[in-house]
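Colleague: I should like to go through this chain with you. May I put some short questions as we look at it?
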Amino acid sequence: EVVRRQSEEDALTGLHNRRYGLAQLTAIHASSLSSRQPYAVLIVDLDRFKTVNDRFGHAGGDTVLIEVASRLRNGLRDQDMLARIGGEEFLIALPDITLAEARGIAERLGEIIRNSAIVLEQDIALFITVSIGLAFCSASAGKIASADQPDNDAVSQIIARADHALLASKSAGRNKITISRSAA
């Protein structure tokens with residue numbers, strides 16, 4: 001049990017790690033295809049996080065990451081999947097959701113993070129923002145993958161679409177949500 005948890009969990013934040021998150025996203029994709037229910041993928045990235053580490057050290061950066069992870073977790077539905085997939089990057093999968101609902105969740109997550117300060121040990125209050133890329137996958141747009149052959153290409157494509165949307169949010173000035181408009 002301990003070894004399994006360590007292989008699936010990010011030690012700092014207690015969230016799922018990249019490996020677990022990608023496996024869960026593959027399962028959500030397969031379930032979406034069989035149930036014909038759409039899902040969305042969000043990639044959330046902290047804005048100007050390097051500045052936090054440069055000014056307050058890695059302990060300050062860790063405090064920010066832990067608090068952001070907690071706020072993201074608390075802002076999601078029970079069925080949603082959240083994983084830390086990189087230094088300051090998080091993957092969220094929202095199964096059985098409409099595009100409007102997914103956008104609403106993304107907007108709420110941005111507000112939850114932006115609207116209250118994160119207090120560091122030195123009683124310094126930091127206000128953090130995030131950029132979000134959102135990709136929506138309508139089950140009717142994808143081909144059916146058999147259970148024994150998951151559609152890894154489709155999962156990679158939706159992640160790439162969310163990542164591309166994230167880069168557009170960063171380019172547009174950060175603290176934004178961009179929705180991928182390409183077909184799934």
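Colleague: Among contacts between residues at least 6 apart in sequence, what share joins residues at least 24 apart?

Modeller: In this predicted model, that share is 69%.

Colleague: And how many helices and strands are in the chain?

Modeller: The chain has five helices and seven strands. Read from the N terminus, the order is α-α-β-α-β-β-α-β-β-β-α-β.

Colleague: What percentage of the residues count as buried?

Modeller: The chain has 184 residues, and 45% of them count as buried.

Colleague: What about the area that the chain exposes?

Modeller: About 9300 Å² is exposed, with 49% of it supplied by carbon and sulfur atoms.

Colleague: Let us turn to charged side chains. How many salt bridges does the structure hold?

Modeller: The structure holds seven salt bridges. In general, side chains of opposite charge can pair when their charged atoms come close.

Colleague: Which residue forms a salt bridge with Asp-45?

Modeller: The partner of Asp-45 is Lys-170, and their closest N and O atoms are 2.7 Å apart. This pair links distant parts of the chain, 125 residues apart: Asp-45 belongs to strand β1 (residues 39-46), while Lys-170 belongs to helix α5 (residues 152-171).

Colleague: Is Lys-170 buried or exposed?

Modeller: Lys-170 is buried, since its relative accessible area is 18% and the cut-off for buried is under 20%. Asp-45 also counts as buried, at 10% relative accessibility.

Colleague: Which side chain does Asp-47 meet in a salt bridge?

Modeller: Asp-47 meets Lys-170, with an N to O distance of 2.9 Å. Asp-47 lies in the loop between β1 and α3 (49-74), and Lys-170 lies in helix α5, so this salt bridge ties together parts that are 123 residues apart in sequence. Asp-47 is buried, with a relative accessible area of 5%.

Colleague: Which residue forms a salt bridge with Arg-77?

Modeller: Asp-80 does, and the closest N and O atoms of the two are 2.6 Å apart.

Colleague: How do the accessibilities of these two compare with the cut-offs?

Modeller: Asp-80 counts as buried because its relative accessibility is 12%, under the 20% limit. Arg-77 has 24%, so Arg-77 counts as partly exposed.

Colleague: Going back a little, which residues are joined into one network by salt bridges that share partners?

Modeller: Asp-45, Asp-47 and Lys-170 are joined in this way. Lys-170 forms a salt bridge with Asp-45 and another with Asp-47.

Technical notes:
Residues are numbered from 1 along each chain as its sequence is written. This is a predicted model: local features need pLDDT of at least 70, side-chain atom pairs count only at pLDDT 80 or more; totals for chains, interfaces and linings use all residues. Side-chain values use heavy atoms; hydrogens and water are left out. A salt bridge is a side-chain nitrogen of Lys or Arg within 4 Å of a carboxyl oxygen of Asp or Glu. Helices (H or I, at least four residues) and strands (E, at least two) are DSSP runs, numbered from the N terminus. Buried means under 20% relative accessible area, exposed over 50%, partly exposed in between (1.4 Å probe, protein chains only). Contact means heavy atoms within 4.5 Å. Accessible areas come from the Shrake-Rupley method with a 1.4 Å probe; for residues, only the protein chains shown count as cover.
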